[in-house]
Amino acid sequence: MMPDLGQVGPAAEPVVQPVPEKLPAVVFDQVGKTYGRIHALSQINLAISGGVTGILGLNGAGKSTLFNLLMGRCKPTTGQVRLFGIDPWQDPTPYGRVGFVPESEKLHDWMTSFDFVTTFARLHGFTRDEAKVEAERVLDFVNLKEVMHTPIGRYSKGMRQRVKIAHALVNDPDLIVLDEPLTGCDPLARTTIMNVVRELGRMGRTVLVSSHILGEIERITEQIVLLHRGQVLALGNVHGIREQLDRIPHRILIHCSEGKRLAKAVIDMEHVHGVMIPSEGVVDILTHDLGAVHQHLPSVLIEGGFKVTRIENPDDDLESVIGHLVGGGGR
Amino acid sequence: MGSSTKAWSGLDRKATAVAEFTLRQYRTRLSTWVVLASCVVALGTVLLFYIDAMNDTVESVDNDGDGLFDEDGPDFPSSVDATSTTFGYDDDGDCRESDRPDGAKDTNNNGVVCDAILRQNWFGGSAILWDNDVDEDPNEEYFVEEATHRAFLLGYGKLGIVFLLGIFLPLFLATGLIRGEMTSETMHFLLAKPIARGEVLLYRMLGYLTLVWPASAAVVVLSALVTGFAAPGEGVFRFEDLGIWLAILLATWLALLVYGMLFMTLGVMWKYGIVLAIPFAAWEFGMAFLSMGLPSSPLLRVSVIGWCLAIIDAATALSWSDQEAFIAYTTDYAVWSHTVVAPGESLGFLTSQAPFEISATGNIAVAILVLLFQAGVIWIIGQSLFKGKEIA
Amino acid sequence: MSETPVEDHEVRFDEASPVTGASRIEAAYTAEDHGQASVAKSGSTGQVFTQTYLPWTGTLNPRWARNWAVYRHHMLGLVRSGHRPWPILIRVYLVLVLIGSVGDIFPVLLGSLFGEGLGQVFMVSRDSLYAHVLGFFPRNVLYYPVVTALIVGTMISEDRLNGTSALYFSRPITRFDYVAMKYLAAASILFILCVFTLLVYYTVEVLAMGRGWSWIVDTFPLLLGAVAAGMLLVVTYTSLGLAMSSVSTNGFFPAIGLLALILGSKSVAFLVALIFEQDALYLLSPYDALANVGQALVGTESNYELPWTWSLVSVVVMNVLSLYLLANRVASMEVTRE
């Protein structure tokens, strides 16, 4: 295009297509990945943006493969991966906006965490001084400021996880990907990391967290992608997914000393279509409408004067969700 | 903010970061220090032998029986101009004062009686043709020391520095540049950044060169100083050899570059890429000896070390323009019949002709270009392999 | 929940058992304690458990059989999967070296077809027997040192890196046996490539050229000398290589180190001998020391000015030092992966 040297005439029409305001951070378009005869992933269609999303699946479901495709560690056999609209395999530029916390525990044990974060921050284009400032900031964020001049080789597992997270956050990324961040951490470290992840989600970043321990994802986020055997089994809000599975009844487990009497009282309730007594003192109520039953249950219990020690909703968690979707009943 | 960095931009910051990281990684590894120390010890031992030899006195022998010692210094011509240049002087008059006819006094048929000329051999090198009874009484001390000194410079430079440093430093230090990171699963810290894979290769290479180039330069400078001061000849320091040392340094640097690229790329290609590097190193060892024994062999044109040693050979012709005549003189049986080994034997073995019939600078330029070309080709191969590598 | 009290010598572990702090530890076997029985004592607070081990109720193989299993694992891994996985490139190189090593039988076979004149140079003689084992190029540049380097490169260090040495040391195999079998495996491979091919060469000559008994009687001492030299080479290279392999955990540092030692010391010694005519450094170069001894054993002309007895001492010292280093390192080796 020749420059307009005369500077006369009306302004030229913009020929560039307007870019959509908010590109989804992560797009998987009909992505499949095959290793020889093993289909690690097939027909993955995902667009993820904003907030914390949990990637769930049993071991071998394809979670790590998904992240490897995203981080340019391997190439999709079919389909396209887009990170902020760019194919990461061809162009590593989008990594400037991404922070990746890998699963592997291997770090450079001879470096101090300060050195580690600083050195790799400079690969984002920081100068030495900028990198040092940013490193201090993120190490403070993950509570490692006091030990940041100790070699990583002396850190506990939880501290190593936090170093990895700090390293991922140093460039203030818009997308943070964490591959099984809670494995091997003690409860204190787990709480810290979960708080960090929730905080990041609240700040408006897109966060992807993968895990096979469903309880911990539950405590971080409600938005999940469920992978099973390389395919997306379910997508969306945990509870919403559960609600949709109306064919399978919800269960309410009540621990009470007078099981038989309670069963008789409950069976007449609306929306209850089955009651079981799996063992002495435990009543298992089957219903299609959890909310309605829970609304009326307290009055039934009070009227009957039952001494209830525990009420559980065993199905309303992710283990059961997967269990149901994958095949077979709940717990 | 850093997030605006693209691949192949902000080069200085990324390059220095990776290079510094590489250097620090080397520093923490025991193997780096062991390797550098072993090289220093090995080369230092050889230098000690040199110093010892330079301090030895050489006995003078009255070769031509005229009662005087060592009348003949380096009076041979400095260039091989076949039939015309003559040298040699019939000190004791055996030839001149004999009553043979002129034809019998000019057995080498160059039109001058009682002299010697330099003639090129068909298999390379030159030889001296003497007229009958022209005896030389060489200055043993000068020739033996000079020959030893020159042989040492060439042998030490070619085998000790260019070969030993040039091959073993990359073998130890360059193979793990990429493969080491892949094996220890820390590669993704380098790759999941706005940095192209080719950049990673380049900067790792840069870090490696920042270690080995100064280290080898230090060895060369130290050796040059030691041999410069301990060398035979007038003057405190021998400046004529500096050209050779520069050539040795250049050849070593290029060897370190090409071998480093090659071994790094072998590491990229296969997990056990080093299994190929080891026989290759042994093969290059053979090539180094071939370059000294049979320098015209075409096999040398495809090896790396052949070209590196060619730089030194070309520089030898520049710095020591009388080398060929010197070798011819110091290996001549007639002159050295009293010694067990003529002083020029080892020098003759260690000296080779530069590969092409062009000027010495031309040879050096060609060799540099070929080596840089080899490095470039290897880098292109390495980069494309690395780009296509999954789960690196 | 049953509250039946539990006898001291009868410890049960079903759901109903109370938690008393008693336990029973059964382990398969150990090599060292000659099969003492063991039962755990139940402890109250403050008491330390005495743990001894139950012998495995099956029959433990004799020691040689266990060692044979380790040796076999290493050797079969070259040709079959399901055993120690040698990288394919190493196997290829071994095949190439094998072909190269028997290179001298083809001229013999040819010579037998076309008459002696053609292959005279390759017929069995002092020089050719010596050259088969200790010839410099290509055998002792490209074949034997490189093969040793490749084999011992990861022998011990790979076990340490992958944590499989812990598998060995939790079995009834002593550390000495572990190292000895690895040593034997590496030496066997070198033996096949160096000494076995020598015997093949000799046999082919006898058969193809129809040599009679008198010829065999004449040349047999030469063969023995060459075999002895070959064994010395096999043992020395293996000792040096394994000593290096036990020192470093880094992947191929031992391999490169061995090659650097053999070729580097040869270069330096050659350099010094060439320029300064001093043969002293040949004592420090493993190849030259072996070559000097080999020349004396086979009876070929010696090209070293050193007495071969000195070289023999040097070879012995190298072996002793390497084996000492190897023994030390393996005895103190920690088998955790970190």
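**Entry 1: a cis proline in chain C**

I began with C:Pro138, which sits in the loop between helix 4 (126–134) and helix 5 (139–153) of chain C. The model is a predicted one, and in it the peptide bond from C:Phe137 to C:Pro138 is cis, with omega near 0°.

**Entry 2: C:Met123**

I then went to C:Met123, in the loop between helix 3 (105–114) and helix 4 of chain C. Is C:Met123 buried or exposed? I noted it as partly exposed, because it has 17 C-beta neighbours inside 10 Å, where a buried residue would need 20 or more. Setting aside residues up to four places away in sequence, I found C:Met123 touching C:Val108, C:Gly111, C:Ser128 and C:Glu205. I also looked up its separation from C:Val227, which is 104 residues away along the chain, and the two C-alpha atoms are separated by 17 Å.

**Entry 3: positive phi in chain A**

I looked next at backbone angles in chain A, where A:Phe84 is not a glycine and yet has a positive phi of about 50°. A:Phe84 is found in the loop between strand 4 (78–83) and strand 5 (98–101) of chain A, and I entered it as buried because 20 other C-beta atoms lie within 10 Å.

A:His271, also a residue other than glycine, has a positive phi near 70°, and its place is in the loop between helix 8 (259–267) and strand 11 (272–279) of chain A. I recorded A:His271 as partly exposed, because its count is 17 other C-beta atoms within 10 Å.

**Entry 4: helix 9 of chain A**

How far apart are the end C-alpha atoms of helix 9 (residues 290–304) of chain A? I read 21 Å, which agrees with the 21 Å that its 15 residues should span at 1.5 Å a residue. I also noted a kink of about 30° at A:His296 in this helix, shortly before the proline A:Pro298. Just after helix 9 of chain A, A:Gly305 takes a positive phi of about 65°.

**Entry 5: chain B and the nonpolar cores**

For chain B I listed 13 helices and three strands, and of its 392 residues 50% count as buried. Among the contacts in chain B with a separation of 6 or more, 77% come from residues 24 or more positions apart.

I then looked up the largest nonpolar core, which has 267 residues, and those with the most contacts inside it include A:Val177, B:Ile311 and C:Leu259. Leaving aside neighbours within four places in sequence, I found B:Ile311 in contact with B:Ala247, B:Leu250, B:Ala251, B:Ile364 and B:Ala367. Apart from this core lies another, of 10 residues, among them A:Ile252, A:Ile254, A:Val272 and A:Ile285.

**Entry 6: contacts between chains**

I closed with the interfaces, where 32 residues of chain B are in contact with 31 residues of chain C. Which element gives the largest share of the side of chain B that touches chain C? I found that helix 4 of chain B does, with 12 residues. By class, this side of chain B has 25 nonpolar, seven polar and no charged residues.

The contact between chains A and B takes 29 residues from chain A and 27 residues from chain B, and on the side of chain A that touches chain B I noted 11 nonpolar, 11 polar and seven charged residues.

Terms used: Residues are numbered from 1 along each chain as its sequence is written. Chains are lettered from A and ligands numbered from 1 in the order in which they are written. This is a predicted model: local features need pLDDT of at least 70, side-chain atom pairs count only at pLDDT 80 or more; totals for chains, interfaces and linings use all residues. Two residues are in contact if their C-beta atoms, placed from the backbone, lie within 7 Å. Ala, Val, Leu, Ile, Met, Phe, Trp, Tyr, Cys and Pro count as nonpolar, Asp, Glu, Lys and Arg as charged, and the others, Gly among them, as polar. Helices (H or I, at least four residues) and strands (E, at least two) are DSSP runs, numbered from the N terminus. The expected span of a helix is 1.5 Å times one less than its number of residues. The bend at a residue is the angle between axes fitted to the seven residues ending there and the seven starting there. A residue is buried if 20 or more other C-beta atoms lie within 10 Å of its own, exposed if 12 or fewer, and partly exposed in between; C-beta atoms are placed from the backbone. A nonpolar core is a set of buried Ala, Val, Leu, Ile, Met, Phe, Trp, Tyr and Cys residues joined through C-beta atoms within 7 Å.
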